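Colleague: I'd like to learn how to read burial and salt bridges off a model. Can you walk me through it?

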Amino acid sequence: LAARWGLQVDYIPNSAANGVDLVAGGQADVAIGVPLDWSMTDRVDLTAPYLLHGQRLMVKQDSELETFNELRGKWVGIFASEPGMADQVNALADSVKSPVNIFTVNRDQDAASYMLVENNADVMFGDSLKLIPQLEANAGVLRLTTRGDAPDPWYSRVYVGLATPRNDLDFRLLVDYTLQEIARDGTLNSLLTPVMLLEDIPAFDIWPGSSLYLGFQLDQNNILAG
């Protein structure tokens, strides 16, 4: 975003947990990576979502496993870095009367090895942001399940966007228009593919018209020219 605007970013240290509060209080101009919760709109404005993540099942590429219905007696790997996941897995398994065994992966990066080499887990269950890098590192060997004929392969969904100062319409539109340009020229896809499947990247409504807004040339040519 800053490159499109020709500006330098000043990052506020240790602000991941309170970015929205900082924007609402005037200490920050924008908060990145905000789970979109429309109850926030009395404090900040929110952009369109640019990222989607949530809980998925990861299996071997040639596996016939798709849902918890087929996991009776199987070993389900979970990430130690995701508290409460064991209870959630057991609840999902109990809901289809398909009890499972749970294996905890202490280091996120070891998940694929425990499935492919050690055979400690038949599947992995966790946030897609942790699972997609496993697919990237083991191309063609692992996949996320599609849940067969079920309409939705996600067990949870979190849409992520940006927060901007409330009622500052010009700035919010500047951010939204810039996101549209980043999506239009493929930059957004290249940024997100390490943590998302291409088919899951949220679609942007690309508004027709000039790429110039408030004096900023928002398309990629601005960066190339600089």
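Modeller: Sure, bearing in mind that this is a predicted model. Start with burial: a residue is called buried when its relative accessible area is under 20%, exposed when over 50%, and partly exposed in between.

Colleague: So is Asp110 buried or exposed?

Modeller: Asp110 comes out as buried, because its relative accessible area is 18%. Arg107, at 48%, is partly exposed. These two form a salt bridge, with their closest N and O atoms 2.9 Å apart.

Colleague: How many salt bridges does the structure hold?

Modeller: Nine. One of them pairs Asp185 with Arg4, the closest N and O atoms lying 3.0 Å apart. Asp185 sits in the loop between helices H6 (169-184) and H7 (187-192) while Arg4 belongs to helix H1 (residues 2-5), so this bridge ties together parts 181 residues apart in sequence. Arg4 is buried at 2% relative accessibility, and Asp185 is partly exposed at 29%.

Colleague: Which residue does Asp152 meet in a salt bridge?

Modeller: Arg157, at 3.0 Å from N to O. Asp152 is partly exposed at 26%, and Arg157 is partly exposed too, at 39%.

Colleague: Now a loop residue: where is Asp122 found?

Modeller: Between helix H4 (111-116) and strand S7 (123-127). Asp122 is partly exposed, at 31% relative accessible area.

Colleague: And what is Asp122 in contact with, leaving aside neighbours within four places in sequence?

Modeller: Leu65, Lys74, Trp75 and Met115. For Trp75, look at the backbone: its nitrogen lies 2.7 Å from a polar side-chain atom of Asp122.

Note on methods:
Residues are numbered from 1 along each chain as its sequence is written. This is a predicted model: local features need pLDDT of at least 70, side-chain atom pairs count only at pLDDT 80 or more; totals for chains, interfaces and linings use all residues. Side-chain values use heavy atoms; hydrogens and water are left out. Helices (H or I, at least four residues) and strands (E, at least two) are DSSP runs, numbered from the N terminus. Buried means under 20% relative accessible area, exposed over 50%, partly exposed in between (1.4 Å probe, protein chains only). Contact means heavy atoms within 4.5 Å. A polar contact is a pair of N or O atoms within 3.5 Å; within protein, one must be able to donate a hydrogen and the other to accept it, and residues adjacent in sequence count only if both atoms are side-chain atoms. A salt bridge is a side-chain nitrogen of Lys or Arg within 4 Å of a carboxyl oxygen of Asp or Glu.
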